[in-house]
Amino acid sequence: MFQRAAAAALDAFESTVITNLLEKPHALPKTADPTVQIAGNFAPVDEQPPVHSLPVRGRIPPFINGVYARNGANPHFTPTAGHHLFDGDGMVHAVRVRNGAAESYACRFTETARLSQERAFGKPVFPKAIGELHGHSGVARLALFFARAACGLVDPAQGTGVANAGLVYFNGRLLAMSEDDLPYHVRVTGNGDLRTAGRFDFDGQLRHAMIAHPKVDPVSGEMFALSYDVIKKPYLNYFYFKPDGTKSDEVAVELDQPTMIHDFAITENHVVVPDHQVVFKLQEMFRGGSPVVLDKNKTSRFGVLPKYAKSSSEMKWVDVPDCFCFHLWNAWEEPESEEIVVIGSCMTPADSIFNDTDDRLESVLTEIRLNTRTGRSTRRPILPPSQQVNLEVGMVNRNLLGRRTRYAYLAVAEPWPKVSGFAKVDLQTGELVRFEYGEGRFGGEPCFVPTDGAPAVRGEDDGYILSFVRDEVNGASEMLVVNAADMRLEATVQLPSRVPYGFHGTFITAKELDAQA
Ligand SMILES: [Fe+2]
């Protein structure tokens with residue numbers, strides 16, 4: 001009875017105070033306006049149980065044997081207040097390919113604790129990190145959430161994350177991740193469907209959130225990861241898992257203020273951690289602003305830490321002023337120059353993803369060199385000025401992660417965040433080969449699938465690039481298979497239902513599928 005009364009009182013507070021007094025009088029910024037953020041092919045779709053025997057034009061190389069899985073945001077409830085693209089519930093899309101056939105397509109929500117509690121409520125009750133948590137209405141939404149939790153109406157301890165950003169296959173599990181929570185274990189079933197096994201704490205070893213871009217070392221099989229905290233120190237922790245899933249001790253990294261660290265990089269012997277100028281200042285909400293801010297007084301830097309360090313005192317920091325990389329594509333050690341080479345896309349304005357800005361987004365593929373002995377850095381755009389084009393989301397051959405790579409496969413982020421194609425970039429020469437989706441056709445991250453044995457047998461670019469594409473003119477959703485060596489289209493798989501633009505994906509081999517926990 002008490003709970004029912006409390007629920008009714010809090011619902012009334014939400015509609016009269018938050019919605020009518022605090023939110024309605026203010027126009028939403030573009031970064032929180034659902035009519036902007038989830039328009040067109042960013043709009044959510046319903047789940048799709050497996051559809052088999054997909055039509056294929058062209059020829060799928062028979063060696064591609066496994067599942068291309070891609071994560072994305074797909075709000076289950078129609079937003080009634082602020083909503084940013086990153087706030088949507090996680091949904092995984094999966095295409096099963098075997099013996100030259102596209103066997104199945106399915107998409108499913110990742111059944112997070114957040115989603116299941118909101119389903120029971122019949123409406124969104126967890127605050128949306130970017131779309132809602134700004135200004136006084138954001139403070140009020142947080143207070144409302146904690147009040148509901150105090151009354152036992154919601155349980156944040158079960159997890160608050162959306163699991164919509166990254167995917168990694170590690171130690172028998174496909175993990176769906178967002179940086180605000182533990183990963184979720186999603187099982188790929190024998191008929192190409194997806195089933196959420198649950199929130200995964202690595203058998204009790206991981207007690208806090210993990211970023212959505214852990215790195216699996218292709219030689220050791222270890223998985224390296226970070227966790228950041230926006231409220232309490234240490235603001236950053238580093239840890240790794242042995243191939244059998246055993247977690248290391250954590251290394252607490254001293255930072256002066258909580259910092260957004262969406263991605264990082266590994267080399268053969270080190271991890272490379274960006275500590276850039278996009279930081280969290282929760283007090284900004286009380287002043288009416290966003291808690292995610294660009295701190296112009298902070299100097300961007302990278303920390304280089306031995307992989308098996310016991311303490312952050314072993315971290316060597318190198319300043320790289322005015323550098324913001326949301327993602328890092330690779331890094332490696334260069335003994336001849338005693339430098340760590342980092343490949344990333346430098347984004348300006350640095351906070352453009354989170355805050356409304358009229359400045360044009362630039363995303364410059366950059367080589368950053370860190371000399372940990374002298375503490376100095378240099379940086380250079382990889383593409384020549386005449387060829388400069390915004391490049392974001394993509395990858396190198398994952399069998400070479402942490403080692404010198406010649407090529408990166410990156411989305412052409414013009415426009416952004418839906419993209420018009422992808423490019424294969426020679427990181428040494430700056431030579432760029434573009435694959436354009438064509439008029440009215442857009443996609444997202446390209447996924448490079450190395451041929452068995454590449455690069456050892458036939459070269460680093462021996463493999464295929466998979467990508468979901470939406471034809472906004474004829475309404476078709478497709479999966480493209482492009483030969484990475486010559487960048488020619490090999491096959492087009494027709495998908496049975498609309499696939500929204502999304503975030504990061506991975507390829508799970510048949511062998512890995514068979515070894516699932
Ligand atoms: Fe990401």
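## Strand pairing in the model

Two strands are taken to pair if DSSP finds at least two bridges between them. Strands of a sheet pair through backbone hydrogen bonds, either parallel or antiparallel. The structure described here is a predicted model.

## The four-stranded sheet

An open sheet is formed by four strands, arranged in the order β20-β21-β22-β23 with antiparallel pairing. Strands β20 and β23 (376-381) occupy the edges and have a single partner strand each, so one side of each lacks a neighbour in the sheet. From one strand to the next, the twist averages 25°.

At one end of this order, strand β22 (residues 362-371) pairs with β23 in the antiparallel sense over six bridges. There, L370 is found opposite S377 of β23.

## The iron site

The iron ion has as its protein donors the NE2 atoms of H213, H262, H327 and H504, at 2.0 to 2.2 Å from the ion. The angles subtended by the four donor atoms around the iron ion run from 91 to 166°, and the arrangement is therefore irregular. A tetrahedral assignment would require all angles to lie between 85 and 135 degrees.

Along the chain, the donors of the iron ion show the spacing H-x48-H-x64-H-x176-H. H213 belongs to the loop between β9 (194-199) and β10 (215-216), while H327 belongs to strand β20 (residues 325-334), so this pair ties together parts that are 114 residues apart in sequence. Both H213 and H327 are buried.

## Where the two features meet

Strand β20, which carries the iron donor H327, is also an edge strand of the open sheet.

How values were computed:
Residues are numbered from 1 along each chain as its sequence is written. This is a predicted model: local features need pLDDT of at least 70, side-chain atom pairs count only at pLDDT 80 or more; totals for chains, interfaces and linings use all residues. Side-chain values use heavy atoms; hydrogens and water are left out. Donors are N, O and S atoms within 2.8 Å of the metal (3.2 Å for Na, K and Ca); water is not among the atoms, so sites may look incomplete. Four donors count as tetrahedral if all angles lie between 85 and 135 degrees; four count as square planar and six as octahedral if opposite donors are over 155 degrees apart and all others between 65 and 115; anything else is irregular. Helices (H or I, at least four residues) and strands (E, at least two) are DSSP runs, numbered from the N terminus. Buried means under 20% relative accessible area, exposed over 50%, partly exposed in between (1.4 Å probe, protein chains only). Axes are lines fitted to C-alpha atoms, for helices over the stretch in contact, and angles run from 0 to 180 degrees between N-to-C directions.
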